[in-house]
Amino acid sequence: LNYGTSATDLTKNIGAPVNRLSPTGDSPGYFVISGLRTNTTYYFQAKADRTEFLDPKNPESALSDIESETTREAVKITSISPTKGGNGTKLTIKGRGFGGGHSSLNPQLLTAVGIGCKLSKWPKTTPSCLAQVLSWSNSKIVVRVGKGAKTGPVYIGKAYDVGFPADAVNIYTVKGPTFTKK
């Protein structure tokens, strides 16, 4: 995969995909790219590495179309505000760059808030520290924390469910202030 900030200058290369799903190359893998700048449009082009899939009369057949994607602003939690209620605690998490939450329009997009857990294995496994998400917007997340919740840092996470096999690409996990159970 070659990429860059211009469609005519794809000079950065990240090699072969991680998690190639088939030794014959007929199933997609995915690439992990880090260190990208926020609010920047990047252009991507993949090149086939298996000659049996190429047209020898057309060298361009090894290249995919050039695709582009614009990165979002950096995700940051600025505050958490707990409010006691009859069904546990309602927690308002404010910040920026959260993006929209999970919706029926994009069922592969997964969102979660954990209290005292890093979400490092979520969504492959579901930790017991997940809060019930009531609403999610780019600048505010509201969750309900059960009576059994523990004290710990608030983590928010977003992932994309690849779905074949059951796998997910972590879009982000961010650590915020500590929620203190009273």
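**Two antiparallel sheets**

Four strands of this predicted model form an open sheet in the order 5-6-9-8, with antiparallel pairing. Strands here are DSSP runs of E with at least two residues, numbered from the N terminus, and two of them pair if DSSP finds at least two bridges between them. Strand 5 (76-85) and strand 8 (132-136) are the edge strands, each pairing on one side only. On average, neighbouring strands of this sheet are turned by 20° against each other, direction ignored; the axes behind such angles are lines fitted to C-alpha atoms, and angles run from 0 to 180 degrees between N-to-C directions. Strand 8 pairs with strand 9 in the antiparallel sense over four bridges. Across this pairing, Q132 stands opposite R144 in strand 9.

A further open sheet consists of three strands in the order 7-10-11, again with antiparallel pairing. Strand 7 (109-115) and strand 11 (168-179) each have a single partner strand, so one side of each is left without a neighbour in the sheet. Here neighbouring strands are turned by 15° against each other on average, direction ignored. Strand 10 (residues 152-161) pairs with strand 11 in the antiparallel sense over nine bridges. K158 stands opposite Y172 in strand 11.

Confidence is given as pLDDT, the predictor's confidence in each residue, from 0 to 100. The protein has a mean pLDDT of 80, and 81% of its residues reach 70 or more. Among its elements, strand 9 (residues 140-145) has the highest mean, 94, and strand 2 (residues 12-13) the lowest, 82.

Residues are numbered from 1 along each chain as its sequence is written. Local features need pLDDT of at least 70, side-chain atom pairs count only at pLDDT 80 or more, and totals for chains, interfaces and linings use all residues, while side-chain values use heavy atoms, leaving out hydrogens and water.
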